[in-house]
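I open these notes to keep a record of what I looked up, going from strand pairing to helix packing and then to the ligand.

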Amino acid sequence: MPATRFIRSANDNDMQVLAAIERRISPLPWTEHQFRESLDAHVVIIMEFNGVTAGYLVYSRTLDEVELLNLGVDLPFRRSGIGRQLLDYCINENRNFAVRIYLEVRAGNLPAINLYTGAGFVQVGARKGYYQTARGAEDAEVMAYDYSPARP
Ligand SMILES: CC(C)(COP(=O)(O)OP(=O)(O)OC[C@H]1O[C@@H](n2cnc3c(N)ncnc32)[C@H](O)[C@@H]1OP(=O)(O)O)[C@@H](O)C(=O)NCCC(=O)NCCS
């Protein structure tokens, strides 16, 4: 049987699973409480792979700006295009409302920076010592995707 991928909105029943994935994959994991708050205040999207939660995306929209707040893919599902598919979903869903999407990413998070760069995001700023990880403070890169980038 071919593998099936399915993107849907998250609901209350997903929150524990998302927090468990976060603990596996993030040096600064969101708690179940943070995911629940996001469910009320933001947009939370799930990618199911053969019925299993493989990845998630959280973003907020304020007027014509979107902030990508979290994006994660569980370990067994990495490098199969799920992260890119979730990111493309965010770009396409907001195409008619937003002028730009921005996000913050740990400066040492090469997989994520490559993912965002490949989708058309560019670095627009930096925040020194923004993340307090177990290994000490780490800088953040601020990246943005412009729907109508200024061309030289
Ligand atoms: C970043 C993350 C979401 C990527 O998810 P993924 O499903 O494995 O990514 P994809 O398969 O869609 O890969 C898309 C591109 O991202 C980049 N990429 C992904 N993983 C990479 C890695 N380990 N090393 C280098 N580049 C990588 C590549 O450019 C890749 O394109 P390619 O496969 O054509 O080379 C995943 O590694 C993850 O969940 N990391 C932990 C959470 C995190 O850092 N989230 C971002 C918060 S800002």
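**Entry 1: strand 5, strand 7 and strand 6.** I began with strand 5 and strand 7, which run antiparallel and are joined by seven bridges. For a point of reference along this pair I noted R106, which stands opposite A140 in strand 7. I should record at once that I am working with a predicted model, and that every value below is computed from it.

From strand 7, which covers residues 136–146, I moved to strand 6, and found that eight bridges join these two strands, again in the antiparallel sense. Two facing positions fix the register for me: G125 is opposite V142 in strand 7, and Y131 is opposite E138 in strand 7. I also looked at how the chain passes from strand 6 to strand 7, and the two form a hairpin with two residues between them.

**Entry 2: strands 1 to 3.** I then turned to strand 1 and strand 2, which are antiparallel and share five bridges. Here R5 faces F49 in strand 2.

Strand 2 also pairs with strand 3, where I counted seven bridges in the antiparallel sense, and M47 has G55 of strand 3 as its bridge partner. The connection between strand 2 and strand 3 is a hairpin with two residues between the strands, and I marked N50 in the turn for its positive phi of about 50°.

**Entry 3: the whole sheet.** In what order do the strands of the sheet lie? I read the order as 1-2-3-4-5-7-6 in an open sheet of seven strands, and the pairing is mixed. The edges are strand 1 (5–9) and strand 6 (122–133), each of which pairs on one side only. Ignoring direction, I have neighbouring strands turned by 25° against each other on average.

I next asked which strands helix 3 lies across. The list I wrote down is strand 1, strand 2 (43–49), strand 3 (52–62), strand 4, strand 5 and strand 7, and the helix runs at about 30° to strand 3.

**Entry 4: helix 1 against helix 2.** For packed helices I note the angle between the axes and the distance between the axes. The axes of helix 1 (residues 15–25) and helix 2 (residues 32–41) come within 8 Å and cross at roughly 130°. Since angles of 65 to 115 degrees count as roughly perpendicular and those over 145 as roughly antiparallel, helix 1 and helix 2 are therefore oblique to each other. I logged the crossing of helix 1 past helix 2 as right-handed.

On the helix 1 side the contact is made by M15, Q16, L18 and A19, and on the helix 2 side by E32, F35, R36 and L39. Sorting the residues of this contact by class, I get five nonpolar, one polar and two charged.

**Entry 5: the shell around the ligand.** Which residues are the closest to the ligand? They are G83, R84, P111, N114 and L115, out of 21 residues that surround the ligand. I then listed the elements that give two or more residues to this shell: strand 4 (65–73), helix 3 (82–93), strand 5 (100–106) and helix 4 (110–118). Helix 4 gives the most, with six residues. By class, I entered the shell as 10 nonpolar, eight polar and three charged residues.

Reading back, I see that helix 3 appears twice in these notes, once lying across strands of the sheet and once among the elements of the shell around the ligand.

Note on methods
Residues numbered from 1 in each chain as written. Predicted model: local features only at pLDDT ≥ 70, side-chain atom pairs only at ≥ 80, totals over all residues. Near = placed C-beta within 6 Å. Helix = DSSP H or I, 4+ residues; strand = E, 2+ residues; numbered from the N terminus. Nonpolar A, V, L, I, M, F, W, Y, C, P; charged D, E, K, R; others polar. Pairing = 2+ DSSP bridges. Axes fitted to C-alpha atoms, helices over the stretch in contact; angles between N-to-C directions. Contact = placed C-beta atoms within 7 Å. Parallel < 35°, antiparallel > 145°, perpendicular 65-115°, else oblique. Left-handed = near helix turned anticlockwise from the far one by under 90°.
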